[in-house]
Every structure is written in C-alpha cells, then in structure tokens.
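This report walks through selected local features of one protein chain, moving from single residues to strands and then to helices. The sequence and the structure come first, and the commentary follows.

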Amino acid sequence: MKSGMRETMPNKDRSNSEDMIIVKNLVKFYPVYGGIFRQVVDQVQAVDDVSFTIKEGETLGLVGESGCGKTTVGHTMLKLREPTSGSVIFDNKDIFQLNDKDLKETRRKMQIVFQDPYASLDPRLPIGESISEGLMIHGIGSNIERVDIVLESLKNVGMEDYHAHRYPHEFSGGQRQRIGIARALALNPKFIVLDEPVSALDVSIQAQVLNILKDLQKDFGLTYLFVAHNLAVVEHISDRVAVMYLGKIVELAPRENLFLKPLHPYTQALMSAIPLPDPTKKRKRIILEGDVPSPLNPPFGCRFHPRCPYVENICGRDEPELREIEPGHTVACHFAEKFA
C-alpha cells in the first residue's frame, strides 16, 4: 500500500468505543479594543466552559443558532484559533500543549471541511494541486505516489480522474464541497470537523454529500464533529447531538432521545420549528420572544432565561449545571426533571 493510502476499516460497535476526543472546559474569548491607546475594554464570550467527548467512529452533531459559538468550538479544537483556556485531548495528548512539530504531526490526523467550499480553495490552482498541498507539507509519498493518493481521494467522493486538472470555478457548489472532503481525506485522518458542510447547498445536493460522508465513515472508521444549524440534517447523520446557546452547551443526548424527548426549553423551541413531511399534520410552534443577548454581556444565571417561557426567579440568579437527567442525557436547566 502506498504511503498515505488508507485501508477500509471494519464496522465498530460505538457503544463500546473509547473516547477519541475529550474536550474539557474549553473557553475562547475575543478581546474588544477601544480608546486612544487601543486597550482591551471588553471580551466577546464566544465559547464559555464547554466540555464533551466524542467516541471513536462516532458523529457528534453540534447545533444552535448563528453566533452561538459552534464554529468557534470546531476551529479552536484544532487550534486554528488560539484558545483562552481549557484542553482538548486527542490520542492521549493535549493539543494545546504540543510544540509546533508535534502539532503539525497531529494535524495529519485531525482535518476540517469548511462551510464555504469556494473560499477554501485556491482559485489559481487546479484542484489536484490543492488536494496534494497537504501531502507535500507533510512529506507524504513521492510525486507519483501523491498523484495516486489525489486520484483515489477524488474517487472516494464520486469524482473522476480528469477533474484533478480543472479549476474551482469550473465546478458546482456540491462538487466543490466534495473536493473539500477529498482534500481532508487525502491525509488519512482519524477525526474530521465538518463545519456546516451542506448549509450552502441545494437540498438534493445536501443529501448526496451527507450520504458520501456516511459511506466514508463506514468504510474508513472516521470520527466526525458535525457543526450545523439545520436539525433535520443533524438527525440524519449524528449519533449524539449537543445543543449550544450563547457559548454554552445546554443539552447533550443520543440522537433518538433528543428528538423524541428534548428536555431543555431552547431545544424544544428548535424542535418545534422542524417542518413535518405530512402537510395534513401541524406541529405546535414555540415562538421565542426577544433577541439573542450579546456575547459581550451575557445574562446572569441561565443565559436562556430572558427568552424562556418557563422562567422562574432562580433562573436569573443561579447558573444551572450541565447534569445527567437520564442515562447519557445531560441538560443545563433548573427544571429539567419537570420536562422528563
């Protein structure tokens, strides 16, 4: 087998799998500068004390409204953005404590597919060269072997050899996103962050890309963090789902549990917005009042309490802990037992 080429992995029982990724107390604040001397006057609390795990071979869906911090979580996990504090354990190593050499080696195993497939590709390079860039940076294979790896990666996402000589503007949005997946796949990773990979695509193309991702995971034993705001898409591909609101995880559960019985009021509101495929049936909508508070000045106590239909005095005073209400189902709500 040539250098960098992958082997098909057998299917695994994910319930018995070990944790591949352990995120502990992840924090990412962005400084706000002001005044004549451009001093730090405030901080945008994009991600505040987020913790979760991802098992080997699993897909964890991370959902929430735009601006809740879900993309920042994915980027910070790979150290594409410098964390404020916390840790990310991958292969028993803390990513944030690695030196440049070890971090470069680890990044072969941790890849990302960006939301905008056109912006993430160099318009001046044929896509075959874009895919092979990572191979050259990591010194994988000879020139001939790199060509074989590029063509194999394209084949794995349903594209042909001759596509390697074309430029990004010659492809549709769905094809460009397949190229982004092929580029991540070429380095033979274990873990891939999928940053809203289908949000810019038509519904029919979304289904094709999602099926490709599921097939690749099955064939190669990949582990995904799937960032999205479309709950119907998340339900299709995820094994577990984490719901974020204003920089914090408010609910985390297996997919079936979350969609059958959401326990956080915010998750319930999100679920009520999912359209039903039967036009004769109607879902009772939960309309949230007010706007999402600014991450510059998040509310005291529960961050959702200004918009929560079940708010009590304790909600504005004490911040709820993320606690296990049912096996594997954790919720950050003072009254989660009432919904259970």
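D49 lies in strand β2, and in this predicted model D49 has a positive phi of about 60° although it is not a glycine. Is D49 buried, exposed or partly exposed? Its relative accessibility is 40%, and because buried means under 20% and exposed over 50%, D49 counts as partly exposed.

A second residue other than glycine with a positive phi is L246, for which the angle is near 50°. L246 is found in the loop between β9 and β10 (248-254), and with a relative accessible area of 4% L246 is buried. K79, which comes just after helix α1, also takes a positive phi, of about 60°.

**The open sheet**

The strand that carries D49 belongs to an open sheet of 4 strands, arranged in the order β2-β1-β4-β5 with antiparallel pairing. Because β2 (39-55) and β5 (93-94) each have a single partner strand, they stand at the edges, and one side of each is left without a neighbour in the sheet. Within this sheet, strand β1 (residues 19-34) and strand β4 (residues 85-90) run antiparallel and are joined by 5 bridges, with K24 standing opposite S87 in β4.

**Strand β3 and its partners**

Strand β3 (residues 59-63) is mostly covered, 5 of its 5 residues being buried. In a regular strand the side chains alternate between the two faces of the sheet. In β3, T59, G61 and V63 point one way while L60 and L62 point the other way, and all are buried. β3 has parallel pairings with strand β8 (residues 223-228) and with strand β9 (residues 240-245), which the table sets out together with a bridge partner for each.

| Strand paired with β3 | Sense | Bridges | One bridge pair |
|---|---|---|---|
| β8 (residues 223-228) | parallel | 5 bridges | L62 with V227 |
| β9 (residues 240-245) | parallel | 4 bridges | G61 with V241 |

**Helices**

Helix α1 (residues 70-77) is likewise mostly covered, since 8 of its 8 residues are buried; K70, T71, T72, V73, G74, H75, T76 and M77 are the buried residues.

How do helix α5 (residues 173-186) and helix α6 (residues 203-220) cross, and at roughly what angle? Their axes come within 10 Å and cross at roughly 15°, and because angles under 35 degrees count as roughly parallel, α5 is roughly parallel to α6. The crossing of these two helices, α5 and α6, is right-handed.

Helix α3 (residues 127-137) also passes α5, the two axes coming within 8 Å and crossing at roughly 25°. That angle makes α3 roughly parallel to α5, and the crossing of α3 with α5 is right-handed.

**Aromatic rings and charges**

Counting by ring centres, the model holds 3 aromatic pairs, and Y245, Y266 and F304 form one aromatic cluster. Two lysines place a charge over an aromatic ring: the charged end of K28 sits over the ring of Y30, 4.8 Å from its centre, whereas the charged end of K338 sits over the ring of F335, 5.5 Å from its centre.

Key: Residues are numbered from 1 along each chain as its sequence is written. This is a predicted model: local features need pLDDT of at least 70, side-chain atom pairs count only at pLDDT 80 or more; totals for chains, interfaces and linings use all residues. Side-chain values use heavy atoms; hydrogens and water are left out. Buried means under 20% relative accessible area, exposed over 50%, partly exposed in between (1.4 Å probe, protein chains only). Two strands pair if DSSP finds at least two bridges between them. Rings of Phe, Tyr and Trp (its six-membered ring) pair if their centres lie within 6.5 Å; planes under 30 degrees apart count as stacked, over 60 as edge-to-face and the rest as tilted. A charge sits over a ring if NZ of Lys or CZ of Arg is within 6 Å of the ring centre and within 35 degrees of the ring normal. Axes are lines fitted to C-alpha atoms, for helices over the stretch in contact, and angles run from 0 to 180 degrees between N-to-C directions. Angles under 35 degrees count as roughly parallel, over 145 as roughly antiparallel, 65 to 115 as roughly perpendicular and the rest as oblique. A crossing is left-handed if the near helix is turned anticlockwise from the far one by less than a right angle, and right-handed if clockwise.
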